[in-house]
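Work through the exercises below with the sequence and the structure side by side, and try each task before reading its solution.

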Protein chains: 2
Amino acid sequence: MAEEVKLYGIVTSPFVTRVRIALNLKGIKYEFIEEDLKNKSPDLLKYNPVNKKVPVLVHNGNPISESLVIIEYIDDAWKGLPIMPRDAYEKAQARFWATFIADKCRPALLKAIGSHGEEQAVAEAHEQLQFLENELNVKGNKFFGGDNINLVDICASHIAYWVLTAEEAFGIELVTKDKFPKLTEWRGHFLNCQAVKDGLPPRERLIAYYKQRFGKA
Amino acid sequence: MAEEVKLYGIVTSPFVTRVRIALNLKGIKYEFIEEDLKNKSPDLLKYNPVNKKVPVLVHNGNPISESLVIIEYIDDAWKGLPIMPRDAYEKAQARFWATFIADKCRPALLKAIGSHGEEQAVAEAHEQLQFLENELNVKGNKFFGGDNINLVDICASHIAYWVLTAEEAFGIELVTKDKFPKLTEWRGHFLNCQAVKDGLPPRERLIAYYKQRFGKA
């Protein structure tokens with residue numbers, strides 16, 4: 001049976017992009033269906049009646065929601081480059097950092113961006129980023145996943161690309177080379193991966209989104 | 001080598017209890033170290049420097065935080081009764097419902113309890129609970145996990161026991177038999193499992209905690 005893989009999403013969402021990167025890493029062809037969140041499609045409401053949110057991956061008719069859940073599903077359902085570590089403890093560590101990025105890092109970064117770089121908000125974002133900097137420093141690897149990107153790298157794509165774009169759009173500095181040399185280096189490696197490049201939204205769309213959401217600096 | 005398993009927690013936390021139930025299900029002996037959250041131990045700060053929260057499981061010196069991450073680790077690291085489904089899609093569904101309980105159900109239920117049963121708050125909690133009622137109804141199983149409890153049942157222990165205790169303490173009605181016949185039935189089955197019974201906090205401590213947190217009805 002030919003596989004049917006559909007992804008419902010919006011182009012500028014970091015959560016949707018996570019799924020695109022995971023699909024690209026596995027070499028899975030998929031149809032991307034762009035949603036209008038102000039006028040959600042009957043398909044989206046049918047496939048995710050609980051949260052009515054994107055991303056939703058539909059694999060041979062089976063819908064899956066929540067980006068972390070989808071990424072682990074992709075790793076379970078398809079062979080190819082592994083996204084999750086195989087060792088139980090390393091796997092737990094990867095899930096911990098993925099949760100940390102979602103619960104702590106992203107809100108702090110959004111606050112810093114939304115305030116156009118207000119000092120206290122930036123200090124709080126830096127406090128969270130420092131944990132990731134230390135993690136890269138201790139491990140001494142190219143990626144959070146070692147030689148290849150894993151769940152943590154994928155989840156940190158928000159830091160690599162969304163934050164970078166916001167820095168440029170608003171002329172603020174968040175992930176600076178002097179404060180975060182390892183994260184800066186990681187960002188370069190990460191944005192240079194083909195699977196990542198092919199999954200990211202165009203810079204112009206992201207800037208337009210940021211200006212609309214957070215206004216001009 | 002003899003295994004060393006330590007759990008840092010507080011007795012009344014539903015997140016800590018999730019881990020105790022998972023350990024009991026696997027038949028793992030562990031040392032429970034009760035924390036004072038107003039005066040956290042050096043061990044807790046060493047083992048969870050990022051969040052400084054309980055539960056933390058320490059397995060042969062390796063610390064793991066975040067209840068969902070710990071439960072999956074326990075399932076990966078020890079054989080015995082499986083906590084996660086083996087099928088990739090069923091596993092994704094279990095993770096989805098676990099996330100739903102944490103992100104949607106628990107906040108709505110806490111609001112309903114904290115308001116001592118205020119009408120609108122109860123209606124919002126019911127809206128979330130209805131999704132779980134439907135899920136049990138569609139599957140037609142004893143537990144969310146089928147014949148045995150799984151990740152979702154463990155995560156829903158808050159609904160089974162904490163909510164029940166709050167209902168009794170404050171004389172409010174949340175999970176009623178007429179509105180939620182399946183959830184009520186599930187609650188009975190769940191609270192009757194030995195691994196669950198052995199993991200739950202004493203009722204009196206929970207009531208004392210609720211009265212302190214939410215005041216008298």
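Two strands pair if DSSP finds at least two bridges between them; helices (H or I, at least four residues) and strands (E, at least two) are DSSP runs, numbered from the N terminus. This is a predicted model, in which local features need pLDDT of at least 70 and side-chain atom pairs count only at pLDDT 80 or more, while totals for chains, interfaces and linings use all residues, and side-chain values use heavy atoms, without hydrogens and water. Residues are numbered from 1 along each chain as its sequence is written, with chains lettered from A and ligands numbered from 1 in the order in which they are written.

**Exercise 1.** Find the strands that pair with β1(A), and state the sense of each pairing.

*Solution.* Begin with strand β2 (residues 31-34) of chain A, which pairs with β1(A) in the parallel sense over 4 bridges; here Y8(A) stands opposite I33(A). Then turn to strand β3 (residues 56-59) of chain A, which runs antiparallel to β1(A) and is joined to it by 4 bridges; in this pairing the bridge partner of Y8(A) is V56(A).

**Exercise 2.** Determine the handedness of the unit made by β1(A), helix α1 and β2(A).

*Solution.* With the strands pointing away from the viewer, a crossover is right-handed if the path from the first strand over the helix to the second runs clockwise. The β-α-β unit of β1(A), helix α1 (residues 14-26) of chain A and β2(A) is right-handed.

**Exercise 3.** Are the residues on the two faces of β1(A) buried or exposed?

*Solution.* Take buried as under 20% relative accessible area, exposed as over 50%, and partly exposed as in between (1.4 Å probe, protein chains only). In strand β1 (residues 5-9) of chain A, 5 of the 5 residues are buried. On one side these are V5(A), L7(A) and G9(A), and on the other K6(A) and Y8(A), so that both faces are covered. For the chain as a whole, buried residues make up 56% of the 217 residues.

**Exercise 4.** Describe the make-up of chain A and judge how compact chain A is.

*Solution.* First count the elements: chain A has 10 helices and 4 strands, in the order β-α-β-α-β-β-α-α-α-α-α-α-α-α from the N terminus. Next, its radius of gyration (taken over C-alpha atoms) is 17 Å, close to the 17 Å from the globule rule (2.2 Å times the number of residues to the power 0.38) for 217 residues, so chain A is as compact as a globular protein of that length. Finally, the C-alpha trace spans about 55 × 40 × 30 Å along its principal axes.
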